[in-house]
Amino acid sequence: MEQSFAEIHRENYRRQANGYGIDEAFVSLLVESFYAKVRADKDLGPIFEGVIGDRWPAHLARMKTFWGAIALKTGDYHGRPMPAHLKLKQVEPWHFDRWLELFAQNLDEVSPTPEAKNFFNSRANNIARSLMTGMFYNPADDLKDLKP
Ligand code: HEM
């Protein structure tokens, strides 16, 4: 049967990711090792523990699905990241700097290739920027600059 454009694209994308050493096993390792660091962090740890409590297995499973959908186009993540973060009133912009720092540190330790490291760091930075825009951007702050 003829493949659709989307199927061909997904296969090529997946093949390229596999070439970088990215597969389901690596996504699983990445998520497990990253959240071990997050939980041990004195600033981020308490925020995550407070919200997630005893739901860590479900959170880790969801994060594996999320990163699998991004890196391997599995198409099976159906969550909504923005509302999940908008409700976190205790989070400030500097927490995102720390999150990204830990994420990069962890990739330094576990990445199979430099390409895999760049791939995940760049996606994480873009998503962090988009979450921060939703959480913290207030157009009124820009208007203040326009006042004489
Ligand atoms: C300081 C930064 C961050 C904090 C404190 C934070 C915290 C959290 C918490 C506590 C949850 C669980 C919400 C719940 O189950 O009720 C969550 C979910 C999630 N986070 Fe973050 N997060 C941060 C940054 C990020 C970044 C940068 C990404 C992506 C690159 C991300 C991706 C996700 C995703 C995909 C979910 C699951 C959303 C869903 O499907 O319900 N988070 N986050």
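**Figure 1. Polar contacts of the ligand in the predicted model.** In the side chain of Tyr-77, an N or O atom sits 2.6 Å from an oxygen atom of the ligand. Lys-87 offers a second such approach: an N or O atom of its side chain is 2.6 Å from an oxygen atom of the ligand. His-85 faces a ligand nitrogen instead, with a polar side-chain atom 2.9 Å from it. The ligand has 22 residues around it. Those that come nearest are Phe-48, Arg-62, Tyr-77, His-85 and Lys-87.

**Figure 2. The iron atom of the ligand and its protein donor.** Which residue supplies the single donor from the protein? The donor is NE2 of His-85, 2.0 Å from the iron. His-85 belongs to helix H5, which spans residues 81-86. The side chain of His-85 also has a polar atom 2.9 Å from a ligand nitrogen.

**Figure 3. Helix H4, residues 56-72.** H4 has 17 residues. From first C-alpha to last, the helix reaches 23 Å. That is close to the 24 Å expected at 1.5 Å a residue. Just after H4 comes Lys-73, with a positive phi of about 50°.

**Figure 4. Buried residues of H4 and their cover.** At the start of the helix, Trp-56, His-59 and Leu-60 are buried. Met-63, Phe-66, Trp-67 and Gly-68 are buried as well. Ile-70, Ala-71 and Leu-72 complete the list. What covers these residues? The cover includes helices H1 (5-19), H2 (24-40) and H3 (44-52). It also includes H5 (81-86), H6 (93-110) and H7.

**Figure 5. Glu-32 of helix H2 beside H4 residues.** Is Glu-32, a residue of H2, buried or partly exposed? Glu-32 is partly exposed, because its relative accessible area is 36%, between the limits of 20% and 50%. Setting aside neighbours within four places in sequence, Glu-32 is in contact with Leu-60 and Lys-64. Leu-60 is one of the buried residues of H4. Ala-71, another buried residue of H4, is 39 residues from Glu-32 along the chain. The C-alpha atoms of Glu-32 and Ala-71 are separated by 16 Å.

**Figure 6. Aromatic pair Phe-34 and Tyr-35.** The whole structure holds 15 aromatic pairs. Among them is the edge-to-face pair of Phe-34 and Tyr-35. Their ring centres are 4.8 Å apart, with 70° between the planes. Phe-34 counts as buried because its relative accessibility is 2%, under the 20% limit. Tyr-35, at 4% relative accessibility, also counts as buried.

**Figure 7. Aromatic pair Trp-67 and Phe-120.** Here the ring centres are 5.5 Å apart. The planes of Trp-67 and Phe-120 meet at 65°, so this pair is edge-to-face; the angle is over the 60-degree cut-off. Trp-67 lies in H4 and Phe-120 in H7, so the pair ties together parts 53 residues apart in sequence. Both Trp-67 and Phe-120 are buried.

**Figure 8. Asn-121 in helix H7.** H7 runs over residues 114-136 and contains Asn-121. Why does Asn-121 count as buried? Its relative accessible area is 18%, and buried means under 20%. Beyond neighbours within four places in sequence, Asn-121 is in contact with Phe-103, Ala-104 and Leu-107. H7 is also part of the cover over the buried residues of H4.

Conventions: Residues are numbered from 1 along each chain as its sequence is written. This is a predicted model: local features need pLDDT of at least 70, side-chain atom pairs count only at pLDDT 80 or more; totals for chains, interfaces and linings use all residues. Side-chain values use heavy atoms; hydrogens and water are left out. Helices (H or I, at least four residues) and strands (E, at least two) are DSSP runs, numbered from the N terminus. Buried means under 20% relative accessible area, exposed over 50%, partly exposed in between (1.4 Å probe, protein chains only). Contact means heavy atoms within 4.5 Å. The expected span of a helix is 1.5 Å times one less than its number of residues. Donors are N, O and S atoms within 2.8 Å of the metal (3.2 Å for Na, K and Ca); water is not among the atoms, so sites may look incomplete. A residue is near a molecule or strand if one of its heavy atoms lies within 4 Å of it. A polar contact is a pair of N or O atoms within 3.5 Å; within protein, one must be able to donate a hydrogen and the other to accept it, and residues adjacent in sequence count only if both atoms are side-chain atoms. Rings of Phe, Tyr and Trp (its six-membered ring) pair if their centres lie within 6.5 Å; planes under 30 degrees apart count as stacked, over 60 as edge-to-face and the rest as tilted.
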